[in-house]
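Reader: Hi, I have a structure to get through today. Can we go over it together?
Author: Sure, let's put it on the screen.
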Number of protein chains: 2
Amino acid sequence: MQHLKRLTFGAMLSIFSVQLLAAQSPITDDQKHTATQLMQTAIKSDLGMEIVTSLTTEIGPRLGGSEAEKRARDWGLKLGQDLGFDKAWIEEFTMPFWDRGHLHISLTSPYQQDLYGTALGGAAPTKESINADVVYFRDIHALKAVKDNSLNGKIAFVDGDMMVKSQTGAGYGQANQRRRIGWQHAERGGASALVVRSVGSDSHRFPHSGMMSSEGDKWANIPVIAISNPDADHLRRLHNLDKPLTISLHSESKWKGDVSSGNVILDLVGSEKPEEIVLIGGHLDSWDLGTGAVDDGAGIAITTAAAALIAKLPKRPKRTIRVVMFGAEEVGLLGAFAYAKQHEANLKNHVVATESDFGAQTIWQLVSNVNPKATVLMDDIAKILSPLGIIRGGSDVPGGGPDIIPLAAKGVPTIRLSQNGRDYFDLHHTPDDTLDKINPDELAQNIAAYAASIYLIADSDVELKP
Amino acid sequence: MQHLKRLTFGAMLSIFSVQLLAAQSPITDDQKHTATQLMQTAIKSDLGMEIVTSLTTEIGPRLGGSEAEKRARDWGLKLGQDLGFDKAWIEEFTMPFWDRGHLHISLTSPYQQDLYGTALGGAAPTKESINADVVYFRDIHALKAVKDNSLNGKIAFVDGDMMVKSQTGAGYGQANQRRRIGWQHAERGGASALVVRSVGSDSHRFPHSGMMSSEGDKWANIPVIAISNPDADHLRRLHNLDKPLTISLHSESKWKGDVSSGNVILDLVGSEKPEEIVLIGGHLDSWDLGTGAVDDGAGIAITTAAAALIAKLPKRPKRTIRVVMFGAEEVGLLGAFAYAKQHEANLKNHVVATESDFGAQTIWQLVSNVNPKATVLMDDIAKILSPLGIIRGGSDVPGGGPDIIPLAAKGVPTIRLSQNGRDYFDLHHTPDDTLDKINPDELAQNIAAYAASIYLIADSDVELKP
């Protein structure tokens, strides 16, 4: 099946000539030929799977700021050196460390039943074990309407609809409100703890972790626990039967002071305009429950493998291609902000930036947010990618991935190779985010798309900045 | 979709007349008409979903011998009374109680990573926490070849191939050897503990529990833990990289002395031959990790709902229809043996017996193991079931479900309405066995098949015994 699919991709690349480029295309025939060769090589290569297998197996889970994340940086540095990057280094930064610790949560009335839950990032520990009545809220809007101090001594449970699956992940931002800001209203109500239906599109007994939002500098003073969709269904059914619910809770999650994290940076130095940087990357940290295969071992593998294939060309592209393995993304884009700060003076030389951080399913469109004069370059890149099943999306779509936000805010142009995220929120932030969930053929399609498009941008003279 | 599918079943029942029955069919036109009406009613009824929803929601997990299983018996008794059965009672028995307790298992070398594991039924606790080197065995055959006392102070890990999915569940018995008897060889080798790849066809991070086999009267003296398939994959990859593995383990599972369990028995008393019993049922207990929806809330719902629909006919069938909700099946068919013992003198009056205990997917065939003279009755029943997509299987296939084993051993004829078990071993004995996994349309198809076939057997004069 795998082999067959790769052959199909290969055949599409060989048999169908790509769509005709614009008459005055900024892409030369030689560049087009090289891009097509890169795609053919990528489709047949196992490099991406080797990278993500190594990261998830040899490093394992790697929470931002942990000793495991440090091992991942050393791994990333060595990988870059082994793959022939011209420069490879680590830029460290300091960050506050939140540790999950042990959790036990169970229903205690109407009967004893363990629940499958996990503390949300930033949550406080239980001072001592809590066993309290549950107040049910249909959704975050109901919790927002809670009166001050009306929940004293209670545990608030915020339900909600299960996320609908979609290619774009639409619905995540809205559903995520209960995870992000639920604690602020539960605390205002005086609750001892908050339990939320975890934000995911699966019906498996895995809780989805994730960071809460701080309120200014303030983090939650109460434990906040996400429970799996089947567990939330269960509580909803019991609530609808008018059963009085109580929950017992013991959680050790807490902030543990400052630690080191860092970004790993790998450069292929440009042959003509080495100061101009085309930035791609993923994030090296993961949540601690799974081994971070789709989030974001895949992004690390896709972008590093794409650059490594370009590194094997006889000549470096004109501009520098930089792979950044961002640290501590999950816990607040900390590596992204550190990079933007450290390189602030040089951001004017960042030609374009993009991140792969939406799993490992196939890419279906190319969107961009660059100088309108560069739109024809993007249109023509999309035509070259078309045998991979990729269409051209909008030319004024902001956002190149979470870690690109601080760069985009400072005027760095962005592109995005949009992945099909249909299954992403089944796995994201759960124990189930493991290597077996990655389809090697789909990963290879991603690498093909990155290799071709990044090469074409890096070897171009077209100005992408406004 | 759901509604559409039910309409399709309905249309099949209305439009296609069933296959012609044998010229000398033992089934009358009136009986055939009643059976068809029962199927039509069942397809439209929500009773089965109501029963399994109530059991899983209001009782929850119900380990054999637990307080929850006691609540389930009370629930079953009241359900039988509410649904119009003529008699409903509980037959208690005594059993040894094994309790899972708390488990923590993690990889400690080459790095720290929690593993998703669960103690196997009958396992001993850790006396104190263990942290030991792992000896890898490719499969149960490799462990069987281990030399005595060659594993002193080590933890044995038995890998194996992941179960292939199949309609019949083929492969489970073989794969299950590592769960059943692995401990005997690990103990002989002197291991401090045994860890096995859990027996399941899914690639989710859920361990599958299940009972070990005793060796005569002897149970394991060591902790025995099943870990999920992705965790086992992870250990295999690390082993293949020649990484020395150590595992830390703390488990509280143990035997806790004798407790009460019981079978719930619901009778529709026959109108002409009340002493002749057609026995159907499922098991009321479940493993404690999930809420026992597919194993075996579904079987309880299917058989109870089928009999309840027959109870609404104007007249009782000639023979008695008995629904048995067996207790303590998972921990060794204890309710089944108790029933066979208690009713030993009366087993000659058990016309036929069958159990629904293979999930909630559709039934695809009817097999039987009855007096050859009754084969034509079975053939004609299969013809009546054919609009449900059910074919006639073999007429000499023994086995009517796990709880029927002690009855069959004493000569009670059996039939089986074979369910499609393709997804069964994805869920079976895991935390993921929850209500959302049951498709209401498929459950209704099961009930239609049971209602029609059991009615036809109970209203027949054909002798099924050899």
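Author: We'll talk through the domains, a helix pair and the contact between the chains. Keep in mind that this is a predicted model.

Reader: OK, domains. Which residues of chain A go where?
Author: The domain assignment of chain A puts 2-97 + 258-458 in domain 1. Domain 2 takes 101-252.

Reader: What separates their centres?
Author: Taken over C-alpha atoms, the centres of domain 1 and domain 2 of chain A are 34 Å apart. The contact uses 18 residues from domain 1 and 19 residues from domain 2.

Reader: Which helix gives the largest share on the domain 1 side?
Author: Helix α13 of chain A, residues 424-427. The share is 3 residues.

Reader: And what classes of residue are on that side?
Author: On the side of domain 1 that touches domain 2 in chain A, there are 8 nonpolar, 6 polar and 4 charged residues.

Reader: New topic: helices. How do people describe a packed pair?
Author: Two packed helices are described by the angle between their axes and the distance between the axes.

Reader: So what are the values for α9 and α14 of chain A?
Author: Their axes come within 8 Å and cross at roughly 50°. Helix α9 covers residues 293-311, and helix α14 covers residues 440-458.

Reader: Why are α9(A) and α14(A) called oblique?
Author: Under 35 degrees would be roughly parallel, and 65 to 115 roughly perpendicular. The crossing is at roughly 50°, so α9(A) and α14(A) are oblique to each other.

Reader: Left-handed or right-handed?
Author: α9(A) passes α14(A) in a right-handed crossing.

Reader: Which residues meet there?
Author: From α9(A), they include A298(A), A301(A), I302(A) and T303(A). Among those from α14(A) are L443(A), N446(A), I447(A) and Y450(A). By class, this contact has 13 nonpolar and 2 polar residues, with no charged ones.

Reader: Now the two chains. How many residues are in contact?
Author: 20 residues of chain A are in contact with 20 residues of chain B. Helix α8 of chain A, residues 229-240, gives the most to the chain A side, with 5 residues. That side divides into 8 nonpolar, 7 polar and 5 charged residues.

Reader: What turn lays chain A on chain B?
Author: A turn of 180°, with a shift of 0.0 Å along the axis. The RMSD is 0.0 Å. The two copies are thus related as by a two-fold rotation axis.

Reader: And why do we say the copies meet through the same surface?
Author: Because 100% of the interface residues of chain A are also interface residues in chain B.

Conventions. Residues numbered from 1 in each chain as written. Chains lettered and ligands numbered in written order. Predicted model: local features only at pLDDT ≥ 70, side-chain atom pairs only at ≥ 80, totals over all residues. Contact = placed C-beta atoms within 7 Å. Helix = DSSP H or I, 4+ residues; strand = E, 2+ residues; numbered from the N terminus. Nonpolar A, V, L, I, M, F, W, Y, C, P; charged D, E, K, R; others polar. Axes fitted to C-alpha atoms, helices over the stretch in contact; angles between N-to-C directions. Parallel < 35°, antiparallel > 145°, perpendicular 65-115°, else oblique. Left-handed = near helix turned anticlockwise from the far one by under 90°. Least-squares fit on C-alpha atoms with pLDDT ≥ 70 in both. Domains from an automatic or database assignment.
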